[in-house]
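Visitor: I have the sequence and the structure open side by side, and I would like to work through them with you. Could we begin with how the chains meet and then turn to individual residues?

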Amino acid sequence: MRILTFAGRNTKEILRDPLNLAFGLGFPLVLILLLSAIQANVPVSLFEIERLTPGITIFGLCFMTLFSATIIAKDRGSSFLQRLYTTPLTAFDFILGYTLPIIPIALAQSVICYAVALILGLEITVNIILAILFIIPVSLLFIGIGLLCGSIFTDKQVGGICGALLTNLCAWLSGIWFDLELVGGAFKRVAYALPFVHAVELERSVLTGDFSDIGIHLMWVILYAIIVLIGAIFAFLRQMKVQ
Amino acid sequence: MDAIVIENLSKHYKDTIAVDGLSLSIKQGELFSLLGVNGAGKTTTIKMLSCLASPTGGDARLLGNSILTDSAAVKELIAVSPQETAIAPGLTVKENLELICGIHGFRGAEKEAKVTRMTELLDLAKIAKKHAGKLSGGWQRRLSIAMALISDPKILFLDEPTLGLDVIARSELWDIIRSLKGKITIILTTHYMEEAEALSDRIAIMKDGRLLICDTSDSIKKAANTDSFENAFIKIVRGDKI
């Protein structure tokens, strides 16, 4: 119950910030609408809704990283976390308390993206539900990156690193906006050594029902999620000791 | 009966000695002040006693529980109001109080009763629905103390509770602290001589991590051969012959 109380506080802090709502839920929607409008006016297939939507749901998870990193960094920057360290909350409570509230937000963001995509012409299939559920392991990866950054950097640094660097990394190296085959070479090899493109291809495979490819992409995502979460737990415990 | 027994407590960093062999005991219900100039070791002492920092030597027992081996039990007994105001800014005043109740395992009617009692004690009713981040410094400090008190701690640490407050807000907080005297053991750190003198049963003066004197304000003045507590403090910290 202690975890739920702490998680509830974190949910309120995140959802009560209008900027979080604007960027977390609004920005991915703007992207879907804008890129769909572009697609409607060009003769070539650039942003077809069935390829664009899974990409946008993954790109939107960058904001989950920003949410988790910002709340931890702000709590560290104030004495609030120090106060909580003198309560019966354990390290396990803290880590779950920061992680749990963001999973439903990530799912809600994904549901909204798919709802808008349906309005824009995405075919209704049961795979949409599966694609939304597969957001859970991917969101753990992005939340883990947030936990890691929030445990190391200040809230101002987190804005730059998670807000600018991660969104650019995810945008360029995920194949959301363009086919990585077009660039090829080292760029493609680097992209496939990172988890972002695998997360996008996982979602695309699930949505199209091409289940033969899911295993390898899911493995990449889960492997990175585990590594990042272990790193985040160590970083959090270390800063807890330092504080 | 002693609430806190400190035995040879030390905290050494690489090239600094923050606390050096501190030994003293504090009685249950006592309001005990730690005084000293910057870097004297007051906050480090509080951090060690509240299990936020590990000592490099010695131990302390809080109501019989060691800070080294029974930190979970210690955390059930204490509450801390840190030097900086430690509140959740996005939550309302009431939600902040409910949060601490929930973390300490209070639910339902018990939680409601505690929130109501603390709201009345610290006169928070009129701001109960306001977001904590929008409150003035004085009200935030008041809320911070309410959050420390709501779990009914046996030992309360107040680290510079009136720092940066205006005269009225400080006076009001003094009244609140006075009202707690005898009910719980309070360890207060402060830079303000008049605050320590007005509120404390006993005062310990520290310098460079060491305890210089520990007694009532009257006895400290007598030992320094002066009528002013501030002069006594200056004489003792400077190491003048007393």
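**Where the chains meet**

Visitor: Which residue of chain A forms a salt bridge with B:E95, the closest N and O atoms being 2.7 Å apart?
Guide: This is a predicted model, and the distances that follow are computed from it. A salt bridge requires a side-chain nitrogen of Lys or Arg within 4 Å of a carboxyl oxygen of Asp or Glu, and with N and O atoms 2.7 Å apart the partner of B:E95 is A:R16.

Visitor: Which residue of helix 1 of chain A also pairs with B:E95 across the chains?
Guide: The pair crosses from helix 1 of chain A to helix 3 of chain B, which spans residues 93–103. B:E95 counts as buried because its relative accessibility is 15%, whereas its partner is partly exposed at 34% relative accessible area. The closest N and O atoms are 3.7 Å apart, and the partner is A:K12.

Visitor: How many salt bridges are counted between chain A and chain B?
Guide: Over all chains, the count comes to 17 salt bridges. Between chain A and chain B there are also 8 residue pairs in polar contact, both residues being at pLDDT 80 or more. For salt bridges between these two chains, the count is 3.

Visitor: Which element gives the largest share of the side of chain A that touches chain B?
Guide: The elements giving two or more residues to that side are helix 1 (2–15) and helix 4 (80–85) of chain A. The residues of that side divide into 7 nonpolar, 8 polar and 6 charged. The largest share, 6 residues, comes from helix 1 of chain A.

Visitor: Which three residues supply 30% of the area that chain A buries against chain B?
Guide: The contact draws 21 residues from chain A and 29 residues from chain B. Together the two chains bury about 2200 Å², with 57% of this area on carbon and sulfur atoms. The three that supply 30% of chain A's part, more than any other three residues, are A:R16, A:R83 and A:T86.

**Helix 3 of chain B**

Visitor: How many of the 11 residues of helix 3 of chain B are buried?
Guide: The buried residues include B:V93, B:L97, B:L99 and B:I103. They pack against helix 1 and helix 4 of chain A, together with helix 4 (108–121) and helix 5 (137–149) of chain B. Helix 3 of chain B is largely enclosed by the rest of the structure, because the number of its residues that are buried is 10.

Visitor: Which residue, with a positive phi, follows helix 3 of chain B?
Guide: The phi angle of the residue in question is near 85°, and the residue that follows the helix is B:G105. The helix itself ends at residue 103, so the name to look for in the sequence is B:G105.

Visitor: Which residue forms a salt bridge with B:E98?
Guide: The two residues are 4 apart in helix 3 of chain B, so they are separated by about one helical turn. B:E98 is buried, with a relative accessible area of 17%, while its partner is partly exposed at 34%. The closest N and O atoms are 3.2 Å apart, and the partner is B:K94.

**Within chain A**

Visitor: Which residue forms a salt bridge with A:E181?
Guide: The partner is partly exposed, with a relative accessible area of 24%. The closest N and O atoms of the pair are 2.9 Å apart, and the residue is A:K188.

Visitor: Which backbone oxygen lies 2.9 Å from a polar atom of the side chain of A:T167?
Guide: A:T167 lies in helix 9 of chain A, residues 155–172, and is buried, with a relative accessible area of 13%. Leaving aside neighbours within four places in sequence, A:T167 is in contact with A:F59, A:C62 and A:C162. The backbone oxygen asked for belongs to A:A164.

Visitor: How many disulfides does the structure hold?
Guide: A disulfide is a covalent bond between the sulfur atoms of two cysteines. A:C170 is buried at 0% relative accessibility, and its sulfur is 3.7 Å from the closest cysteine sulfur, that of A:C62, which is too far for a bond. Over all chains, the number of disulfides is 0.

Technical notes: Residues numbered from 1 in each chain as written. Chains lettered and ligands numbered in written order. Predicted model: local features only at pLDDT ≥ 70, side-chain atom pairs only at ≥ 80, totals over all residues. Heavy atoms only, no water. Contact = heavy atoms within 4.5 Å. Buried area = accessible area lost by both parts, 1.4 Å probe. Polar contact = N/O pair within 3.5 Å; in protein donor to acceptor, adjacent residues only side chain to side chain. Nonpolar A, V, L, I, M, F, W, Y, C, P; charged D, E, K, R; others polar. Disulfide = S-S within 2.5 Å. Buried < 20%, exposed > 50% of the residue type's maximum accessible area, 1.4 Å probe, protein only.
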